[in-house]
Amino acid sequence: MSKNVRIINIGRQFGSGGRLVAAEIGRILGIPVYDNELITKAAEESGFSKELFAGKDEKRSLFSFSSFFSSGRYSMSDNYLSDNELFKMQGNVIRKLAEESPCIFIGRCSDYILRDRTDCLDVFICAPMEERIKLVCERENLSREDAEDLIIRKDRTRRTYYDYFTLGDWGVASNYDLCVDSSILGIEGTARFIVDFKERLSR
């Protein structure tokens, strides 16, 4: 079954090179890639500080007083917003950008937010733990032990965030159109594989 893919949503394990793959896909296709840019756009449109969004990026507080006292509007003092309100704002930005032009979204539950669209390709990028440790050691200048701890912590945070807002299972193959081990073909090879998969869907 063919479909005209305009949007690529990329989920990724920490240290799998997902961001690099997304950037390469964007270069090949000549379309924008949105990652941290979403934080800035959401902040601009809401009137709240970028730092507020950055502090909550793909994170969810396991306990928040705002869940008890929120009135459904932008609530609490001291420039504070609940996780749900921040998620809604960022979701609005994602939907708006998807309407404007073909693009790539990295993380932030974009596959769920755009689930009603028929022009999306949902991809999850993974890699063996040893490969991820190697990449994180080089990128963050960490010891092997610290890199592994960081990977486990980051993956847990992403899973908690995704599973809460989507009621789904982060990284489970059945949630995506395509799951790719980036260590097999490398960053550029993985990007070109995904582009080829996208083009085959349109034939």
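Select strand 5 (residues 178-181) to start: its side chains alternate, with Leu178 and Val180 on one face and buried, while Cys179 and Asp181 are on the other face and are not buried. Buried means under 20% relative accessible area, exposed over 50% and partly exposed in between, with a 1.4 Å probe and protein chains only. Helices (H or I, at least four residues) and strands (E, at least two) are DSSP runs, numbered from the N terminus. In a regular strand, side chains alternate between the two faces of the sheet.

This is a predicted model, in which local features need pLDDT of at least 70 and side-chain atom pairs count only at pLDDT 80 or more, while totals for chains, interfaces and linings use all residues. Residues are numbered from 1 along each chain as its sequence is written, and side-chain values use heavy atoms, with hydrogens and water left out.

**The whole chain**

Zoom out. The chain has 9 helices and 5 strands, and from the N terminus on they run β-α-β-α-α-α-α-β-α-β-α-α-β-α. Of the 203 residues in the chain, 45% are buried. Among contacts (heavy atoms within 4.5 Å) between residues at least 6 apart in sequence, 68% join residues at least 24 apart.

**Strand 4 and the cysteines**

Add strand 4 (residues 120-126), which pairs with strand 5 in the parallel sense over 4 bridges. Two strands pair if DSSP finds at least two bridges between them. Select Cys126 and look across to strand 5: its bridge partner there is Asp181.

Now go to Cys120, which is buried at 5% relative accessibility. How far is the sulfur of Cys120 from the closest cysteine sulfur? The distance is 8.5 Å, to Cys103, which is too far for a bond. The structure holds 0 disulfides, a disulfide being a pair of cysteine sulfur atoms within 2.5 Å. Cys137 is another stop, buried with a relative accessible area of 18%.

**Helix 8 and helix 5**

Show helix 8 (residues 144-166), where Thr166 lies. Is Thr166 buried or exposed? Thr166 is buried, at 9% relative accessible area. A polar atom of its side chain lies 2.7 Å from the backbone oxygen of Tyr162, and the side chain of Thr166 also reaches the backbone nitrogen of Gly168 at 3.0 Å. Leaving aside residues up to four places away in sequence, Thr166 touches Cys109 and Tyr112.

Next add helix 5 (residues 83-100), which packs against helix 8 at an angle of about 80°, with the axes 12 Å apart. Helix 5 is therefore roughly perpendicular to helix 8, a term that covers angles of 65 to 115 degrees. To see the contact, select Asp83, Asn84, Phe87 and Gln90 of helix 5 with Tyr161, Tyr164 and Phe165 of helix 8.

**Two loop residues with positive phi**

Most residues other than glycine have a negative phi. Leu167, in the loop between helix 8 and strand 5, has a positive phi of about 55° although it is not a glycine. Leu167 is exposed, at 78% relative accessibility.

Finish at Arg108, in the loop between strand 3 (103-106) and helix 6 (110-113). Arg108 is not a glycine either, yet has a positive phi of about 60°. Unlike the exposed Leu167, Arg108 is buried, with a relative accessible area of 1%.

Notes: A polar contact is a pair of N or O atoms within 3.5 Å; within protein, one must be able to donate a hydrogen and the other to accept it, and residues adjacent in sequence count only if both atoms are side-chain atoms. Axes are lines fitted to C-alpha atoms, for helices over the stretch in contact, and angles run from 0 to 180 degrees between N-to-C directions. Angles under 35 degrees count as roughly parallel, over 145 as roughly antiparallel, 65 to 115 as roughly perpendicular and the rest as oblique.
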